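Here's a walk through one protein chain, written for someone who'd rather have the model open than read a methods section. Have a look at it, then read on.

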Amino acid sequence: DKLAKREPVVGEMSILNEEIDRVGQLINGLADLKPAPVNRTTDAAEVVDDVLRLFRATDFVPAGVHVAVDMHGASSDIDGDADILKQILVNLVKNAVEALGGSGRIDISNRGYVNRERKLYLELVVSDTGPGMSPEVLANLFSPVRSTKEGPHHGLGLSIVHGLVKQLGGLISCRSGSGGTTFEILLPARSSANMI
């Protein structure tokens, strides 16, 4: 749109270059889906901000879709790579936008810490108010199957999300019904290894 109006697009081009580099690095690492070595701390709240900046800069979120974020007020540090978390969130928000069909609400929130089998995780939740998924779709959600969606969708997005969450050493689950869909992601909390 901006090019057609001869408006400057330097900011958008910078974002696109960053995203192409990030996705290229992720694709190179997808063949090895073992947990990534923990070598850096990531602030999940900053990653959520980056994802929303990307979606706003590209006008991907329609005006009728409200995105609400509740990430502050609690620690959001995880052990893991920011680029991997960013791709997880990009895929989930993209799916939510598509499910809403132009109007509705997407919530992204930090639900705090969860202790699962003596390991501490940070729980992030991405939910939408869309029509929900059928039990058949939900049962095969994280499998790389051919999508029934029209258009350029190949049904690989959620299998990639699942693989990336595993690569971070985390867990992901999904609930879906007529009131919408919720993805709950458990990511290793910073220094969670010390909790055992």
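What follows goes from the overall layout to the sheet, the helices that pack on it, and a few individual residues.

**How far to trust it**

First things first: this is a predicted model. The mean pLDDT comes out at 82, with 77% of the residues at 70 or more. The weak spot to keep in mind is residues 150-154, where pLDDT stays under 50. The model has 6 contacts beyond four places in sequence for that stretch. Where pLDDT is low, the predicted coordinates shouldn't be read in detail.

**The overall layout**

You're looking at 196 residues, 40% of which count as buried. There are 5 helices and 7 strands, and going along the sequence they come in the pattern α-β-α-β-β-α-β-β-α-α-β-β. If you count contacts with a separation of 6 or more, 73% of them are between residues 24 or more positions apart.

**The sheet**

In what order do the strands of the open sheet sit? The order is 2-4-5-7-6, so to speak of them by number, with mixed pairing across the 5 strands. Strand 2 (65-70) and strand 6 (171-177) are at the edges; each has a single partner strand, so one side of each has no neighbour in the sheet. On average, neighbouring strands here are turned by 20° against each other, direction ignored.

Two of the pairings are worth a look. Strand 4 (residues 104-116) and strand 5 (residues 119-128) run antiparallel, joined by 10 bridges. To find your bearings there, look for Asp107, which stands opposite Ser127 in strand 5. Strand 6 and strand 7 also run antiparallel, with 7 bridges between them. Arg175 faces Thr182 of strand 7 as its opposite number, and a hairpin of 2 residues makes the link from strand 6 to strand 7.

The loop between strand 4 and strand 5 holds Glu117 and Arg118. Neither is a glycine, yet phi is positive in Glu117 and in Arg118. Asp59, just after helix 2, has a positive phi too. Here are the three together:

| Residue | Where | Phi |
|---|---|---|
| Asp59 | just after helix 2 | about 55° |
| Glu117 | loop between strand 4 and strand 5 | near 50° |
| Arg118 | loop between strand 4 and strand 5 | about 65° |

Are the two loop residues buried or exposed? Glu117 counts as exposed because its relative accessibility is 76%, and Arg118 counts as exposed at 59%.

**Helices on the sheet**

Helix 2 (residues 44-57) lies across strand 2, strand 4 and strand 5, and runs at about 165° to strand 2. Helix 5 (residues 157-167) packs on the sheet as well, where it touches strand 6 and strand 7 (180-188). The direction of helix 5 makes about 145° with that of strand 6.

Does the length of helix 2 fit or clash with what you'd expect? At 1.5 Å a residue, its 14 residues should span 20 Å, and the end C-alpha atoms are 20 Å apart, which agrees. The N-terminal end of helix 2 is capped by Asp43, with a side-chain oxygen 2.9 Å from the backbone nitrogen of Ala45. The buried residues of helix 2 are Ala44, Ala45, Val47, Val48, Val51, Leu52, Leu54 and Phe55. An α-helix has 3.6 residues a turn, so residues three or four places apart point the same way.

**Two residues to zoom in on**

Thr42 sits in strand 1 (residues 41-43). With a relative accessible area of 4%, under the 20% cut-off, Thr42 is buried. What does the side chain of Thr42 reach? One partner is the backbone oxygen of Gly80, at 2.5 Å; another is the backbone nitrogen of Ala82, at 3.2 Å. Leaving out residues up to four places away in sequence, Thr42 touches Val47, Ser76, Asp77, Ile78, Gly80, Asp81, Ala82 and Leu85.

Asn140 is in the loop between helix 4 (135-139) and helix 5. At 42% relative accessibility, Asn140 counts as partly exposed. The side chain of Asn140 reaches the backbone oxygen of Glu136 at 3.3 Å. Ser159 is 19 residues away along the chain, and the C-alpha atoms of Asn140 and Ser159 are separated by 9.6 Å.

How values were computed. Residues numbered from 1 in each chain as written. Predicted model: local features only at pLDDT ≥ 70, side-chain atom pairs only at ≥ 80, totals over all residues. Heavy atoms only, no water. pLDDT = per-residue confidence, 0-100. Contact = heavy atoms within 4.5 Å. Pairing = 2+ DSSP bridges. Helix = DSSP H or I, 4+ residues; strand = E, 2+ residues; numbered from the N terminus. Axes fitted to C-alpha atoms, helices over the stretch in contact; angles between N-to-C directions. Expected span 1.5 Å × (residues − 1). Buried < 20%, exposed > 50% of the residue type's maximum accessible area, 1.4 Å probe, protein only. Polar contact = N/O pair within 3.5 Å; in protein donor to acceptor, adjacent residues only side chain to side chain.
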